[in-house]
Amino acid sequence: MSSPPHRTVGPVRTALLRTARRAAASPLFARLAPPVLPRLDRLLHRLTGGRAQIARWAVPSLMLTTTGRRSGAPRSAPVACLPERERTPRTFLVVGSNFGREKHPAWTGNLLAHPDAVANYRGTDIPVRGVLLTGEERDTAWGRLNAMWPYESYAVRSGREPRVFRLVPRDP
């Protein structure tokens, strides 16, 4: 009996992830990715009903729909996340890295103004409330997020402290 396909590509996927993390930490990625990847992710999300996202092959991702802080209109952004499976109900950690650019991403300002949002994770809409983490709680989450992706390199490149949020499920 042959091995399942996911096991045969394990070393290849590991090598690709290592390469992707190195590339993501580079200034060239910070310049080229922001105008392209979010648009492609939104398109793919729309075409697949939320079941697929580009970034998901490298890191867990969700589509976060916030309320625009000025417009009041719904705004959707693809966001890498760290599902906290050990928490009940399951929560998600997200970081406003903005690819290491100097300004915070708009979705973080939207969450600060209007914490209630909707996270579409693997095609399922989950009403959430964004909670900005500070102090020791932020430090712990930051360490876990950096173990997943090179966010520290984004923070250094941007010259700012990225906002870290916990998305907590709420009643609709």
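Here is a short chat about salt bridges and confidence in this predicted model.

Student: Which stretch of the chain has pLDDT under 50?

Tutor: Start with the overall score: the chain averages a pLDDT of 85, and 87% of the residues score at least 70. Where pLDDT is low, the predicted coordinates should not be read in detail. The stretch to skip over has one contact beyond four places in sequence, and pLDDT stays under 50 there: residues 1-8.

Student: Okay, on to the salt bridges. Which residue pairs with Glu84 at 3.0 Å, N to O?

Tutor: Glu84 sits in strand β2 (residues 74-84), and its partner lies in helix α5 (residues 135-148), so the pair ties together parts that are 60 residues apart in sequence. The partner is partly exposed at 30% relative accessibility. That's Arg144.

Student: And is Glu84 itself buried or exposed?

Tutor: The cut-off for buried is under 20% relative accessible area. Glu84 comes in at 1%, so Glu84 counts as buried.

Student: How far apart are the closest N and O atoms of Glu84 and Arg166?

Tutor: These two link distant parts of the chain, with Glu84 in strand β2 and Arg166 in strand β6 (residues 164-169), 82 residues apart. Arg166 is buried too, with a relative accessible area of 8%. They form a salt bridge, and the closest N and O atoms are 2.6 Å apart.

Student: Which residues are linked with Glu84 in a network of salt bridges?

Tutor: A search of the whole structure turns up eight salt bridges. You've already met Arg144 and Arg166 as partners of Glu84. The network links Glu84 with Glu86, Arg87, Glu137, Arg144 and Arg166.

Technical notes:
Residues numbered from 1 in each chain as written. Predicted model: local features only at pLDDT ≥ 70, side-chain atom pairs only at ≥ 80, totals over all residues. Heavy atoms only, no water. pLDDT = per-residue confidence, 0-100. Contact = heavy atoms within 4.5 Å. Salt bridge = Lys/Arg side-chain N within 4 Å of Asp/Glu carboxyl O. Helix = DSSP H or I, 4+ residues; strand = E, 2+ residues; numbered from the N terminus. Buried < 20%, exposed > 50% of the residue type's maximum accessible area, 1.4 Å probe, protein only.
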